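Visitor: I'd like to learn how to read sheets, cavities, pockets and cysteines in a model. Can we go through them one by one?

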Amino acid sequence: MTGTFDTCRLEEIIRDLEANSGIDFPIGTTGRLYIERKLPFLLVYRTPADSGDEVIMNLVKNEASYLICPEKLYFACRLMILKIIQMLADEYGAFLLVEIWSGEMSDLSEMHAASFDLFGPASQLPQSITPLKENVRKIDLAGLAPKITLNVTDRRCPDHLEPLLNKKELKQLECLLLGLKVEPFYKSPETGQIYPVLERRLYAGFGEVFRKSVYDFIKVQGTHKLSGFQSLARRGVNPETWQIDRQLVDIDSQIHFLLLVSPVNTDGAWKEFQKSRYAKPPVFRYRMLPIDPEILKRNLFNLPIEKIDDPTLGFLFRDKRNEIDKMLNMLKSRNTEDFLYNGVLLFGTVQPWLLDAAKEIVETYPVSDASVKEGGGFYSAEEFATLAKQELVYLQKQWPGVSIRIEIKDSVIDLMVNKGILSIPLKAHF
């Protein structure tokens with residue numbers, strides 16, 4: 001559907017926004033007006049005739065209120081923008097309109113820096129916006145030093161375009177217009193290829209800086225109280241992200257990690273270790289792998305996590321992918337020296353506080369053959385399972401969402417919880 005803003009359609013968009021149901025309206029073949037809910041800002045990117053900058057477009061799409069519009073179609077959108085700003089400025093007492101665009105990397109000597117140019121009004125820039133400079137400098141850009149230049153001017157737009165709104169309109173609407181030019185430090189100046197790690201860092205860092213700036217502006221200039229800058233972030237999740245999430249869960253559910261890294265001959269291995277006077281390392285036997293780690297790794301890294309437009313979700317998904325990858329490495333290296341090192345990579349080293357806590361537990365509750373069961377003796381697996389079920393009922397009264405299965409198995413030798421199942425060794429006593 002190609003975006004056209006006749007009177008009826010404009011009224012429908014305003015009604016949707018007044019009802020806080022959000023706007024998602026296509027403009028031309030590549031543009032989009034997206035306002036997830038009532039928010040005191042709009043981030044705008046006017047794309048050139050040939051094509052827009054992919055990184056800038058993704059920066060914009062990461063926000064909860066944005067307009068991506070071909071340059072030649074902006075005039076048709078102008079009335080709509082005025083109406084939207086008028087309504088939301090009345091709601092919040094002020095409104096922040098920011099236009100972003102990409103510069104050109106003409107000086108290769110600047111390749112060590114990530115340059116931003118902020119364009120503000122000719123009058124003194126509001127104090128609530130100046131922290132933006134400090135926030136930008138704190139962005140972690142994989143070794144590049146962020147550098148921001150403040151330009152006091154009435155022209156807050158690309159050189160070949162007119163400002164989004166004129167000074168009279170901005171004053172009437174209680175709206176502050178800023179321009180932000182981002183030099184394409186995220187691209188190779190020779191080939192134009194995007195540096196993926198730098199790209200991800202920019203997405204994550206810019207979003208937080210931008211929302212903090214909006215929050216500071218509204219806190220000082222507006223009348224609406226916001227709970228924090230996080231309240232300005234996107235809340236919706238697109239279908240592609242849900243699909244990747246399901247695929248990650250599917251891969252993870254195939255790995256019964258605790259079972260597969262738990263030896264099946266613990267008692268025998270310990271006796272052999274004692275017999276050698278603790279000089280010969282024990283040999284452990286493990287369950288056969290029901291999965292092929294190489295195939296799971298291939299499926300894992302085929303997931304297009306880099307296409308997730310929410311930087312926070314992208315970070316969480318990459319972190320989970322790295323965790324699964326390290327788990328598979330541990331499974332591949334059982335009974336080798338690499339098992340220990342892969343375990344350290346996954347879980348980290350034993351911290352002093354944890355070691356001290358373990359020693360304290362051993363000293364406080366020494367190993368004893370004394371009975372813990374009332375009346376003497378020990379709890380059998382069946383009796384322990386009954387007590388566990390009683391505890392589960394107690395927990396479910398506090399939170400009905402607690403769900404765990406309790407099973408007595410002769411295939412496990414240690415008490416463990418794995419994938420929502422409490423496994424109790426058949427021959428154990430407690």
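Guide: Let's start with a strand pair. Strand β9 is joined to β11 (residues 421-425) by 5 bridges, and the two run parallel. This is a predicted model, by the way.

Visitor: Which residue of β11 stands opposite glutamate 407?

Guide: Serine 423 does.

Visitor: And how do I go from a pair to a whole sheet? In what order do the strands of this one lie?

Guide: Follow the pairings from strand to strand. Here 3 strands give the order β9-β11-β10, in an open sheet with mixed pairing. β9 (405-409) and β10 (416-418) are the edge strands, each pairing on one side only. On average, neighbouring strands in this sheet are turned by 30° against each other, with direction ignored.

Visitor: How many strands does the other open sheet have, the one that includes β1 and β7?

Guide: That one has 8 strands, in the order β1-β2-β4-β3-β5-β8-β6-β7, and its pairing is mixed.

Visitor: Why is one side of β1 and of β7 left without a neighbour in the sheet?

Guide: Because β1 (23-27) and β7 (145-152) stand at the edges, each with a single partner strand. From one strand to the next, the twist averages 20°. For β1, the partner to look at is β2 (residues 31-35): 5 bridges join them, and they run antiparallel. Within that pair, isoleucine 23 has isoleucine 35 of β2 as its bridge partner.

Visitor: On to empty space. How many cavities of 30 Å³ or more does the search of the whole structure find?

Guide: The search turns up 1. Its volume is about 120 Å³. There are 12 lining residues, and Val98, Leu132, Leu180, Phe210 and Ser213 are the closest to the centre.

Visitor: Which elements give two or more residues to that lining?

Guide: They are β5 (95-102), α4 (131-137), β8 (175-182) and α6. The largest share comes from α6, with 4 residues. After the elements, check the chemistry: the cavity lining has 11 nonpolar residues, 1 polar residue and no charged ones.

Visitor: What about the largest pocket: how much space lies in it?

Guide: About 620 Å³. Its lining counts 21 residues, and those nearest the centre are Ala204, Gly205, Pro311, Thr312 and Phe315. The elements giving two or more residues to this lining are α6 (196-221) and α11 (311-332).

Visitor: Which element gives the most to the pocket lining?

Guide: α6 again, with 7 residues. So you meet α6 in the lining of the cavity and in that of the pocket.

Visitor: And the classes of residue in the pocket lining?

Guide: There you find 7 nonpolar, 5 polar and 9 charged residues. Put that beside the cavity lining, where no charged residue appears.

Visitor: Last topic, the cysteines. How many disulfides does the whole structure hold?

Guide: The search finds 0. The idea is to look at the distance between sulfurs, with a cut-off of 2.5 Å.

Visitor: Why does cysteine 69 form no bond with cysteine 77?

Guide: Because their sulfurs are 3.6 Å apart, which is too far for a bond, and cysteine 77 holds the closest cysteine sulfur to that of cysteine 69. Cysteine 69 counts as buried, at 0% relative accessibility.

Visitor: And cysteine 157: how far is its sulfur from the closest cysteine sulfur?

Guide: The closest is in cysteine 175, 14 Å away, so that is too far for a bond. Cysteine 157 has 4% relative accessibility and counts as buried.

How values were computed. Residues numbered from 1 in each chain as written. Predicted model: local features only at pLDDT ≥ 70, side-chain atom pairs only at ≥ 80, totals over all residues. Heavy atoms only, no water. 1 Å grid on protein atoms, 1.4 Å probe; cavity = no way out; pocket = protein on both sides within 12 Å on 5 of 7 lines; lining within 4 Å. Points joined across faces, edges and corners; volume = space filled by probe spheres on them. Nonpolar A, V, L, I, M, F, W, Y, C, P; charged D, E, K, R; others polar. Buried < 20%, exposed > 50% of the residue type's maximum accessible area, 1.4 Å probe, protein only. Pairing = 2+ DSSP bridges. Axes fitted to C-alpha atoms, helices over the stretch in contact; angles between N-to-C directions.
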